[in-house]
Amino acid sequence: MATAESCSNVSCAPATLAEHVLFFLFGMYPWLSVNAFFTQSAIFAHSPSIPEGKNISAILGSVVQIANAVALAYVVADRRWSFRKHYVSLILILLGITSTILAACLWSESGYILGKHHSIALILTSFVAGIVGSTSMAVIFAFSGRFKQSLTGTVSIGNGFSGVITTAIGAIQGEGEETVRFSVSTFFIIITVVQLVSLAALYEISFGPRRKRYVVVNPEQIQYDTINTVTMENSGQDVDEEELAAAPLLGERMRVSLARERWLPSAHQLWTSLANYAIIPGLYPYILPGQQGSFLVILLVNVAGVIGRWLCRVRQYYAETWLNTAQTGAFLLLVLPATGVMTIPPILCGAVVLICGVLNGYTTTLVFYALRRDLRGAECAKYMSFCGLANQIGALLGTFSTDVLLWTNALH
């Protein structure tokens, strides 16, 4: 049975190129289906088959946010029953594949709900996709905790790269142009094929004949190093009254330190997700005139996030507070031109948006590295799930913050 120290040493061992490829492909799946729906939103908005018209994008966004309730329910249930993460991932990938296959076949189907005409097929399939995306954030990093530490960063890079894939395919499709190169159904079929690649990677990692070579340790088999405060009377040594008097204070400091190790990464993740979703896509359409829905801007932002994740994979600087402070400052800076308080050159605003993308990608990866550094085994997996849930709560709050600005007509 491995000790925490030996497991830590193994988990820091270099991963092979094949392992990085597998975990990169696996990490792509959470947001592929969700991003696919939003990439097609402009076509939906101009399609006579979609009764909601231009409002369809906002409706799909609300449906995806509602799916966060499923992620919350999963985290609560996981605390009670400790689900096997590879089986949960398998179910989620299959759900994502199901949602895109159904969307490819039925996206233009509509019907009546409470007497109003709605795109029932799109709403239901996007809800399933939302379940996959939001719940996966509470699963994939906890799952990666069983493997070499460097692969946590690789999973994060794959997670961010899914946005690049869907946007690039959308750009090739020509969405937003008068004539598209291939249909919505073909687009969803392509995304389904990409998800099948993620499914194949998961099979190789967790179900294939060579699966045992990838696992570092079973979290349930880890022996934890515990720090116990004992009186020196039991050891037969002389009692130091000052040390005994300081013991309660030492114990309190240890509890505070442990609480920080467990919960501070989730707090950082919540805030970086909030700032990211408030800026992108909340503010940038109002600070980059004529670029709303621009594939180029969206692609550059997604690439910036991947670069940030890769930089963290290469080198970790544990300065989450400063990183989030920088993102907060950037948000406050961008609010000024978005609300018309002052004019800032669009090129400078664009540079700030891209820098925020890099900072968000870096911080999102760093918080999971921090948990791998400070916690072990099942405990690490549990707080990784909380961190993934914090990401979704932050996204919800970030979206709500820009909605408030819209409702008050502050953005123009």
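The chain exposes about 19,800 Å² in this predicted model, and carbon and sulfur atoms supply 64% of that area. Buried residues account for 51% of the 412 residues in the chain. The secondary structure consists of 17 helices and two strands. Among contacts between residues at least 6 apart in sequence, 81% join residues at least 24 apart.

The interior contains more than one nonpolar core. The largest nonpolar core comprises 64 residues, of which Phe 23, Phe 26, Phe 44, Leu 122 and Phe 188 touch the most other members. Helix 11, spanning residues 184–207, gives the most to this core, with nine residues. When residues up to four places away in sequence are not counted, Phe 188 touches Ala 36, Phe 37, Gln 40, Phe 44, Thr 100, Ala 103 and Ala 104. Apart from the largest core lies another, of 17 residues, which includes Leu 283, Phe 331, Leu 334 and Val 353.

Helix 2, which covers residues 17–27, contains His 20. With a relative accessibility of 16%, His 20 falls under the 20% limit and therefore counts as buried. Leaving aside neighbours within four places in sequence, His 20 is in contact with Ala 15, Ser 150, Leu 151, Thr 154 and Arg 313.

Four salt bridges are present in the structure. In one of them, the side chains of Glu 19 and Lys 148 meet at 3.3 Å, taken from N to O. Glu 19 lies in helix 2, whereas Lys 148 lies in the loop between helix 9 (140–144) and helix 10 (150–173), so the pair ties together parts that are 129 residues apart in sequence. Glu 19 and Lys 148 are each buried. A further salt bridge joins the side chains of Asp 78 and Lys 85, with an N to O distance of 3.3 Å; both of these residues are buried. The side chains of Asp 374 and Arg 373 also form a salt bridge, at 2.9 Å from N to O. In this pair, Asp 374 is partly exposed, with a relative accessible area of 27%, and Arg 373 is likewise partly exposed, with a relative accessible area of 40%.

With regard to cysteine, the count of disulfides comes to zero. Cys 349 has a relative accessibility of 1% and therefore counts as buried. Cys 387, at 0% relative accessibility, is also counted as buried.

At the surface, Val 303, Ile 307, Trp 310, Leu 311 and Val 314 make a nonpolar patch of about 430 Å². Ile 307, one of the residues of this patch, lies in helix 14, which covers residues 295–314. The relative accessible area of Ile 307 is 40%, so this residue is classed as partly exposed. Patch residues must have over 30% relative accessible area, and Ile 307 therefore meets that requirement although the residue is only partly exposed.

How values were computed. Residues are numbered from 1 along each chain as its sequence is written. This is a predicted model: local features need pLDDT of at least 70, side-chain atom pairs count only at pLDDT 80 or more; totals for chains, interfaces and linings use all residues. Side-chain values use heavy atoms; hydrogens and water are left out. Patches are made of residues with over 30% relative accessible area and no salt bridge: like charges are joined within 9 Å, nonpolar side chains (Val, Leu, Ile, Met, Phe, Trp, Tyr) within 5 Å. Accessible areas come from the Shrake-Rupley method with a 1.4 Å probe; for residues, only the protein chains shown count as cover. Helices (H or I, at least four residues) and strands (E, at least two) are DSSP runs, numbered from the N terminus. Buried means under 20% relative accessible area, exposed over 50%, partly exposed in between (1.4 Å probe, protein chains only). Contact means heavy atoms within 4.5 Å. A nonpolar core is a set of buried Ala, Val, Leu, Ile, Met, Phe, Trp, Tyr and Cys residues joined through side-chain atoms within 4.5 Å. A disulfide is a pair of cysteine sulfur atoms within 2.5 Å.
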